[in-house]
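Reader: Could you take a close look at one single helix of this model, and then set it against the chain as a whole? I would like the cut-offs stated wherever a term depends on them.

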Amino acid sequence: MAMTAIELGNPVGEGTYPPRSAVISWIFFDWAAQPYFTLITTFVFAPYFATHVAPDPASGQALWGFATAAAGIAIALLSPVLGAIADASGRRKPWIAAFGALLVIGASLMWFGKPGEASVIPPLLLAYAIATVGVEFATVFNNAMMPTLVPPERIGRLSGTGWATGYVGGILSLILVLGFLAANPDTGRTLFGLAPLFGLDPVSHEGDRISGPLTAIWFVVFVLPMFLLTPDYPARHRLKDALGAGLSELKQTLIDLPKQRSLAAFLLANMIYTDGLVSLYAFGGIYAAGTFGWNTIQLGTFGIILAIAGTFGGWFGGRLDDRLGPKRVIAGSLTILLASVIAILLVEKDSVLFISVAPPVPGGTLFASAPERAYLVLGCLIGAAGAPLQAASRSLLIRMAPKERVAQYFGLFALTGKVTSFTGPLLIGIVTAAADSQKAGMATLVLFFVTGLALLARVRD
């Protein structure tokens, strides 16, 4: 069927691209997957695990870091191989469905993470690792569909719009949890002053634990439009034949990669700064819970504000990407992240930038103290910079990678994003455990952003 070229569904010139409905349906994958990162890894379940399931916040941060590292190693080892096989087989959707199922299973099992039960910690961390592997691999194959959806000059806008839409999905899922499901154990009321739906018990933190099954249901419902309306790559080889062909092509790509110095430099830079960003997202909520004693409602409100900042950052960054180029967007985002992390290290419970201030009052007004407001502002900067950093990174890869091997290169992209992804969480876990200090662990993130910026300077846009 003949189709016109589109700008997120609108004509821009010659070409054969799917209709607007197909592009919007693809964008909804980000909407479907984002609650996993918003609810599970950042603002609800991870802080709940560290403060109520683990023996204490420091050991909880360390354990969560080790589980994140284990998932990262698995993703790093398998991403290039699976990407190469997908390129050879042609189709992407069966891979998205298979790994989406892992996400659904792992997230659903998090309901059983009851507070104070040490015996549940190992299986809970295993479920988290399985879900993380699932969502990351599903994202790899979803990203590989981008070049067939819009003309090259609109890739930045598509990528940025996807990230911004994902953040909106994360905001709404967080509002749903905080406003209707998770209640303060002391008052028994949610952020909206309501009793939790479905009779969820605040004392046993069922409102926090329900974030896992909610994430699973959310993904199943909102990923369906992509499966129904977005065209897949045509099938090329059966899986058995694709295995040999894909591995052969991957071998040749790895042999040729050192000759493509700019692309190799970008993949190396992505490896470093993505590790820092993922670690910052993973431990930002845990750090706030340990520093200020924030509960789920406070952390969730913080998350909503950050996600709003990320929505505007992703949308605006996509426009800058098409206008200025993705490399400049990446460099600007990294600079903001670096400055924000350094500033966070100078925010104490009773001081801001070495200036003594009144500490938060237990049970006081939301974000009433100066340190809490400072952390909130810095978090907004991180949210606004993190979205365009990730969107521009996948945009830059699409501009640099051969179209016929795009899934393979997204596999390498995931490899470089994950091959050392255990380093950040592992380093934070080790330093936190050794120094018995959350701040000492978070300080290691400065190294990742500085190194990423230095390597990015060697990339030709």
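**One helix, seen closely**

Author: Helix α4 runs over residues 93-109, and its 17 residues reach 24 Å from the first C-alpha to the last, close to the 24 Å expected at 1.5 Å a residue (the expected span being 1.5 Å times one less than the number of residues). The model is a predicted one, in which local features need pLDDT of at least 70 and side-chain atom pairs count only at pLDDT 80 or more, whereas totals for chains, interfaces and linings use all residues. Residues are numbered from 1 along each chain as its sequence is written, and side-chain values use heavy atoms, with hydrogens and water left out.

The buried residues of α4 (under 20% relative accessible area, 1.4 Å probe, protein chains only) are Lys93, Trp95, Ile96, Phe99, Gly100, Leu103, Gly106 and Ala107. They lie on the same side of α4, because they cover an arc of only 145° around the axis, taken from the directions from the helix axis to the C-beta atoms. An α-helix has 3.6 residues a turn, so residues three or four places apart point the same way.

As for the setting, the protein chain holds 17 helices and three strands, which are DSSP runs of H or I with at least four residues and of E with at least two, numbered from the N terminus. Of its 461 residues, 59% count as buried, while the chain exposes about 17,900 Å², 68% of it supplied by carbon and sulfur atoms (Shrake-Rupley method). Among contacts (heavy atoms within 4.5 Å) in the protein chain with a separation of 6 or more, 79% come from residues 24 or more positions apart.

How values were computed
Buried < 20%, exposed > 50% of the residue type's maximum accessible area, 1.4 Å probe, protein only. Areas by Shrake-Rupley, 256 points an atom, 1.4 Å probe, with all protein chains shown as cover.
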